[in-house]
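Visitor: I should like to understand how the labels used for a structure such as this one are justified. Would you show me the model before we begin?

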Amino acid sequence: MKVGIIVSETGVFSTQAKDFQNGFNAAIEHLTDGTGEVDGHKIEVMVGDDTGDAAVGTAKAKEFLGQGATILAGTTDSAVAVAVAEQAVQNNAMFIGGTAGTTAFVGMDKKVFGTAGSSPAGQMIVPKILGDDLKGKTLVTVDQDYAFGQTMAKAYKAQLEPLGVKVVSYLLPVSTSDFTPTMLKVEKDAPDFITTTWAGKGYNQLLGSLDSQGLLDDATFFKPLLLKSDWAPVGEALGDSVDNSTFYLSYFAGATGNEADEALQAYSKANDHAIEYDDAVGWHAGAMVVRAIQEGGTDTEAMAEALQGHSFEGPAGEVIIRAEDNQVTVPQFTVRLVEKDGEWGVEILDEFTAKELEPPVVNALKQ
């Protein structure tokens, strides 16, 4: 059983690519008792670097499909992810997304699945962070102007405007490092809430600008928490505002202490790997590959059907795959960033199960 893993081994998302692969391999080892084999089918993994370029990712997908891959997985860049998923659909292969946050996978095709939990209806954890009395409030979001940032901006509007929230979105070039002009506009918006999904270059400058311009004095700041290496820079960039900020993430080492969590930690320690949230995303993909082969053999239609409506225990808790639209919903945690003895860590504020965070059906699969 050949599985083609396509990730950005080089480029902006190279760290996330390594985390996905580590989690994927950990799940395969644990769930096959170290054999890498499911019901007589040896899982042969081929890994390709898409370099963060959709054209390169498409070429890799074609290469792996030509070599007999029946499953394509991975992808850390949203634009690449969509292109690779389309190749899988055209070639009757199954696609299991990786750490890319695009919502395009949901309802795209019966054989296409995401693993990061993104939804066209928005992050269901957001209203839980914002509270109940939302009518007349304003949310400002500052995101990068590319596939992921664009979909997140649309998702916030789709989810929050029906609740009475005015959503103002600023989409900026990914190369932006001077945020002063945007901060002046944000100040005029007088937001009650501010958020961002910015990643990579300019990240700390954006957070520093929010704090230095005094925009977080009256507005509640919240955002997803990314790589552990970012925790200290984020905390330091926010300054005193960090105490009033809420962060959310889908996994960190030791989050649950369940069997999958402990197995992932043991595998990572044995392979000298520092765990990040994307390790759990990789685990989800690995667990889905094992399930698909167990129930569907080599028939991609049967493999896909085996995943629809299925749930399983991941490192952060139960993961749900909804049959109507292939929406994958994952547990999440709200946390506070805290500094102790010079080290930045997280303090859990609340835990939310996948069932609590399951979004409405927006893009149902065509029957």
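Guide: What follows is a set of questions and answers on the cavities, sheets and salt bridges of this predicted model.

Visitor: What makes the contact of Lys111 and Glu301 a salt bridge?

Guide: A salt bridge requires a side-chain nitrogen of Lys or Arg within 4 Å of a carboxyl oxygen of Asp or Glu. The side chains of Lys111 and Glu301 meet at 3.3 Å, N to O, so the pair satisfies that cut-off. By this rule the count comes to 7 salt bridges.

Visitor: Which parts does the pair of Lys111 and Glu301 tie together?

Guide: Lys111 lies in the loop between β6 (94-97) and β7 (112-113), and Glu301 belongs to helix α11 (residues 300-307), so the salt bridge ties together parts that are 190 residues apart in sequence.

Visitor: Why are β1 and β5 called paired strands?

Guide: Pairing requires at least two bridges between the strands. Strand β1 (residues 2-7) is joined to strand β5 (residues 71-74) by 4 bridges, so the two count as paired. They run parallel, and one of the bridges has Gly4 with Leu72 of β5 as its partner.

Visitor: What is the order of the open sheet of 5 strands, and which strands stand at its edges?

Guide: The order is β4-β1-β5-β6-β7, with parallel pairing. β4 (44-49) and β7 each have a single partner strand, so one side of each lacks a neighbour in the sheet. Helix α3 (residues 78-90) lies across β1, β5, β6 and β7, at about 160° to β6. α10 lies across β1, β5, β6 and β7 too, at about 155° to β6.

Visitor: How do you know that β14 and β15 are paired?

Guide: The requirement is at least two bridges, and 2 bridges join strand β14 (residues 317-321) to β15, so the condition is met. The two strands run antiparallel; Ile321 has Val328 in β15 as its bridge partner. They belong to an open sheet of 3 strands in the order β13-β14-β15. β13 (311-314) and β15 (328-329) are its edge strands, because each has a single partner. α10 packs on this sheet as well, touching β13, β14 and β15, and its direction makes about 135° with that of β13.

Visitor: Why is the largest space called a cavity, and what lines it?

Guide: A cavity is a set of points where a 1.4 Å probe fits but cannot get out. By this rule the count comes to 3 cavities of 30 Å³ or more, and about 580 Å³ lies in the largest. Its lining has 38 residues, with Thr99, Gly101, Phe148, Leu226 and Tyr277 nearest the centre. Among the elements that give two or more residues are α5 (147-160) and β11 (220-224), while the largest share, 4 residues, comes from α10.

Visitor: What classes of residue make up the lining of the largest cavity?

Guide: The lining has 17 nonpolar, 18 polar and 3 charged residues, with Gly counted as polar.

Methods
Residues are numbered from 1 along each chain as its sequence is written. This is a predicted model: local features need pLDDT of at least 70, side-chain atom pairs count only at pLDDT 80 or more; totals for chains, interfaces and linings use all residues. Side-chain values use heavy atoms; hydrogens and water are left out. On a 1 Å grid over the protein atoms alone, a cavity is a set of points where a 1.4 Å probe fits but cannot get out, and a pocket is an open set with protein on both sides within 12 Å along at least five of seven lines; lining residues have an atom within 4 Å of a point. Grid points are joined across faces, edges and corners, and a volume is the space filled by probe spheres set on the points. Contact means heavy atoms within 4.5 Å. Axes are lines fitted to C-alpha atoms, for helices over the stretch in contact, and angles run from 0 to 180 degrees between N-to-C directions.
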